[in-house]
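Please open the model in a viewer and keep the sequence panel at hand. The tour below proceeds by selection, with a short account of what is to be found at each stop.

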Amino acid sequence: KKLVVCSPGHPHNVFAVISNDLRLFELKTEATTCPMASDGSPSRVVVGEKQTQIQLLGSCSEIQNAKCVAWSHAVSEQASLGHIVSGLSSGTAILTSFSGEGRSTVLKQFVPQNSRSCNYLAWNPHQPSQFAVAMEKVRNDFSVLVWDVDHSEPSRPPPSRGPLDRKKGRKEGEGVGSGGGNSFSLSALDSVEVVSSPVAQVLNSESASSLCWLLSHPNVLAIGTGAKWLRLCDLRKQRGAEDSNNAVMAHMKSITGIAINPFVHHEIMSFSEDGKIKIWDVRNIHPSAKPITVIDADSKALNHVAWSPTRPGIVASSSRDEKAIRLWRVSSPDSSDSPDSSLLISKPIKVHSCPEVVTHFGWHHKSEHRVLTIAESGSVQVHDIYESLPFSWSPSGSLFLGSGKQMSEVSLHLSLPHRAPFDGSAVMRQRAVAGYSYDMAHNEENVVPSHQGLFDKEVQTLVRWMVTISSISDRYSGVHSLICREKSDSLPHQVGPEGPTVYDSPQRKKAQQMCGWGNPPSPDPQGHSGQTARDVAREAAIAVFQMDLRRAVGLLNNGARSSSASGSSSSSGQGQGKGQGQGVSQGQGAGINWKLLSLALAGFNLQSPHPSNALWQETCRDLSAQLDDPYLRVLFAFLCEVSSPSSSKDFLSIVHNPLLSLADRIAFACSFLPDLELQSFVEEMTMAAKENGDLSGILLTGLSPDGVDLMQRYVDLSGDVQVPFPLPPSSFPFPSLPLP
């Protein structure tokens with residue numbers, strides 16, 4: 001039988017391989033193989049992707065073909081790597097120590113009265129000098145023996161049968177180790193002390209296939225028997241008398257192994273070739289007891305199962321019919337759970353593929369994801385088994401990964417230099433610190449202007465609309481409700497003899513007010529402080545759309561004066577700090593010839609006949625093509641369309657221009673589109689805003705059911721739950737629920 005066992009103490013990277021002999025190895029770095037015996041012992045050691053070096057520390061050739069093995073964490077000066085006890089097929093247990101240099105020393109032999117196979121070994125965690133052996137049943141002898149390594153007996157010759165007598169065909173009492181005059185033994189074990197009197201023995205009714213010590217009771221052994229029973233035996237009782245009340249028939253076949261939970265000391269695990277792994281509560285063991293958890297391993301060939309020594313609730317299993325290690329997660333039951341019910345687990349949390357069928361494995365006692373396996377061919381492999389890693393974004397933009405007990409932070413700022421500096425959580429936190437609150441007037445006047453980087457155009461539109469609509473009406477209705485649901489007859493009138501047709505109605509005027517197209521004040525001759533080139537272009541375009549050309553020319557002249565003043569101040573090296581300059585912000589209007597635009601606009605004459613406007617139209621089209629600002633391009637496109645000889649003016653290219661704000665396009669449509677076209681346009685824009693979660697669409701939906709859908713879509717797409725929260729809940733149209 002081939003076994004691999006990891007050191008339970010320091011150093012943690014040492015492990016033992018048991019095949020034809022006993023060998024100790026150490027895991028280091030940067031290699032994949034180490035020399036192994038060629039006589040059936042492990043032929044190679046393979047380590048996975050990490051290329052860990054394997055170094056041979058020492059071997060003990062006196063121990064051959066061991067059936068089971070147990071490693072004690074107790075160390076001494078002579079045994080710095082601890083003590084290893086090996087159980088043989090003859091029933092003898094050999095105690096071996098290893099020094100730090102890997103030198104092995106056989107200390108004692110523990111020989112039972114009757115020869116039979118050792119099935120399982122376990123050190124007593126409370127009494128480090130004691131270990132228990134589970135054995136086959138023979139005659140009236142006990143199946144479980146407890147030995148004490150500190151116990152010594154009077155010096156006497158070793159038993160005649162010799163624990164390692166490998167010569168075939170020889171009867172017990174003959175040949176090697178017999179002490180006869182015609183024979184002698186060269187075995188190193190002949191000089192080793194022999195102990196034949198156990199300190200305790202229990203279970204004389206059936207064979208013991210496995211056992212473990214209870215961590216909560218230093219004198220109690222849990223024993224799995226070949227007759228399918230799980231028994232608790234108290235060594236303090238006379239001659240280990242069995243108590244039938246502390247036993248339960250645990251499986252349908254012989255119990256292959258049992259193990260105590262290292263984190264929950266009253267939980268014990270048993271497994272069998274019936275394909276079931278069961279978790280029991282040792283406080284509730286009786287003939288009618290039920291397991292608290294049953295793991296259906298879906299295999300009739302389980303050969304090893306073990307608790308993780310570093311991760312609570314993790315169980316690993318292997319079987320003879322699968323090239324894999326399976327990990328299971330076991331949770332302790334709640335106190336409210338019925339003691340007569342069992343939790344069934346049928347799906348592992350991880351199936352880790354192996355190149356060969358695993359005959360035995362051992363958990364590393366420090367690296368929580370590391371498992372060492374051995375195959376029938378003798379191949380030993382080191383696996384790092386990870387489940388799916390949970391992760392979470394931090395408010396600062398880093399990525400946190402969880403793996404077992406470890407948490408790692410991965411900063412993505414360097415690898416993704418062009419991404420947004422903050423995620424939604426950070427932006428929402430900064431908005432709250434800036435004072436974003438239920439007071440929309442305060443938000444518009446103080447918060448948004450000074451923290452524009454935290455509020456995109458959509459959010460600014462929402463804040464502005466809330467302030468505007470609250471001054472117009474307390475219904476929080478939108479343009480869609482005014483145009484498409486309220487009955488109105490628009491009155492068309494023509495501007496000038498050949499000008500455009502403008503439509504007017506109370507609903508259209510109110511919609512334009514919602515969009516910020518009220519009666520504008522006369523332009524400030526000194527310009528607006530901190531005003532951008534886009535602001536000037538937009539105001540000039542709105543003035544033209546309202547056919548107020550004088551105001552539009554004045555705005556463009558202000559832009560020219562402000563741009564000239566900023567340029568001269570910069571060239572003289574006496575530029576003022578931010579907030580001291582007036583007019584257009586320097587840089588944003590540097591590429592615009594405001595004076596030329598104002599002259600071109602002043603040359604428009606709606607009253608003159610169309611032939612005289614042909615040269616002006618051609619010049620303005622050429623000028624418009626050179627402009628980058630969409631409002632200035634639309635301004636001259638509108639005037640060219642107005643001055644065209646066609647009786648039907650086509651303004652659809654303007655209302656569908658995505659470079660203009662939705663509010664300005666809606667207000668423009670309310671002036672120049674007839675009723676049917678206006679309603680169709682409003683419907684189309686409302687559907688698009690709801691589909692895209694565009695907060696600018698709040699102008700259309702208002703706080704109606706459509707507005708609720710729009711807000712929900714925005715939250716779903718952005719994860720930003722902060723923007724909608726200042727909206728007054730009483731304004732939303734929640735349906736009234738019928739009384740029961």
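Which residue in β3 does Phe 15 stand opposite? Select Phe 15 and look across to β3: the residue facing Phe 15 is Phe 25. The model in view is a predicted one, and this pair of residues serves as the point of entry to its N-terminal sheet.

**Stop 1: the sheet β1-β2-β3-β5**

Extend the selection to strand β2 (residues 14-18) and strand β3 (residues 22-27), which run antiparallel and are joined by 5 bridges. Then add β1 (3-6) and β5 (54-60). The 4 strands make up an open sheet, ordered β1-β2-β3-β5, with antiparallel pairing. The edges are held by β1 and β5; each has a single partner strand, so one side of each lacks a neighbour in the sheet. If the view is turned so that the strands lie across the screen, the twist may be considered: on average, neighbouring strands of this sheet are turned by 25° against each other, direction ignored.

**Stop 2: Asn 65**

Move next to the loop between β5 and β6 (68-72), where Asn 65 is found. Although Asn 65 is not a glycine, it has a positive phi, of about 55°. Most residues other than glycine have a negative phi. With a relative accessible area of 44%, Asn 65 is partly exposed.

**Stop 3: the hairpin of β16 and β17**

Select strand β16 (residues 220-225) together with β17; the two pair in the antiparallel sense over 5 bridges. They form a hairpin, with 3 residues between the strands. Within this pairing, Ala 222 faces Leu 232 of β17.

Which residue in the turn has a positive phi? Select Lys 228: its phi is positive, at about 80°, although Lys 228 is not a glycine. Lys 228 belongs to the loop between β16 and β17 and counts as partly exposed, at 31% relative accessibility.

Now follow β17 itself to its other partner. Strand β18 (residues 247-249) pairs with β17 in the antiparallel sense over 3 bridges, and Arg 231 stands opposite Ala 247 in β18. Is β17 largely enclosed or largely open? Of the 6 residues of β17 (residues 229-234), 5 are buried, so the strand is largely enclosed by the rest of the structure.

**Stop 4: helix α2**

Select helix α2 (residues 440-450) and show the side chains of its buried residues: Met 440, Asn 443, Val 447 and Val 448. Viewed down the axis of α2, these buried residues fall within an arc of 85°, so they line one face of the helix. An α-helix has 3.6 residues a turn, so residues three or four places apart point the same way.

**Stop 5: helices α11 and α12**

Go on to Val 655, which is placed in helix α11 (residues 652-655). Val 655 is buried, its relative accessible area being 0%. Which residues are in contact with Val 655, leaving aside its neighbours within four places in sequence? They are Arg 665, Phe 668, Ala 669, Leu 673 and Phe 681. A distance may also be drawn from Val 655 to Ile 666: these residues are 11 apart along the chain, and their C-alpha atoms are separated by 7.2 Å.

Select helix α12 (residues 662-672) as a whole. Here 11 of the 11 residues are buried, so α12 is largely enclosed by the rest of the structure. Among them are Asp 664 and Arg 665, together with Phe 668, Cys 670 and Phe 672.

**Stop 6: the whole chain**

Finally, clear the selection and display the entire protein, which has 15 helices and 35 strands. Buried residues account for 49% of its 740 residues. The exposed area is about 36,000 Å², of which carbon and sulfur atoms supply 51%. Of the contacts between residues at least 6 apart in sequence, 56% join residues at least 24 apart.

Colour the chain by pLDDT to conclude. The mean for the protein is 77, and 76% of residues reach 70 or more. Confidence is highest in strand β11 (residues 130-135), at a mean of 95, and lowest in strand β4 (residues 44-47), at 44. Over residues 160-186 the pLDDT is below 50, and this stretch has 35 contacts in the model beyond near neighbours in sequence. Residues 414-422 also have pLDDT below 50; that stretch has 7 contacts beyond near neighbours in sequence.

Technical notes: Residues are numbered from 1 along each chain as its sequence is written. Side-chain values use heavy atoms; hydrogens and water are left out. Buried means under 20% relative accessible area, exposed over 50%, partly exposed in between (1.4 Å probe, protein chains only). The arc is that of the directions from the helix axis to the C-beta atoms. pLDDT is the predictor's confidence in each residue, from 0 to 100. Contact means heavy atoms within 4.5 Å. Accessible areas come from the Shrake-Rupley method with a 1.4 Å probe; for residues, only the protein chains shown count as cover. Two strands pair if DSSP finds at least two bridges between them. Axes are lines fitted to C-alpha atoms, for helices over the stretch in contact, and angles run from 0 to 180 degrees between N-to-C directions.
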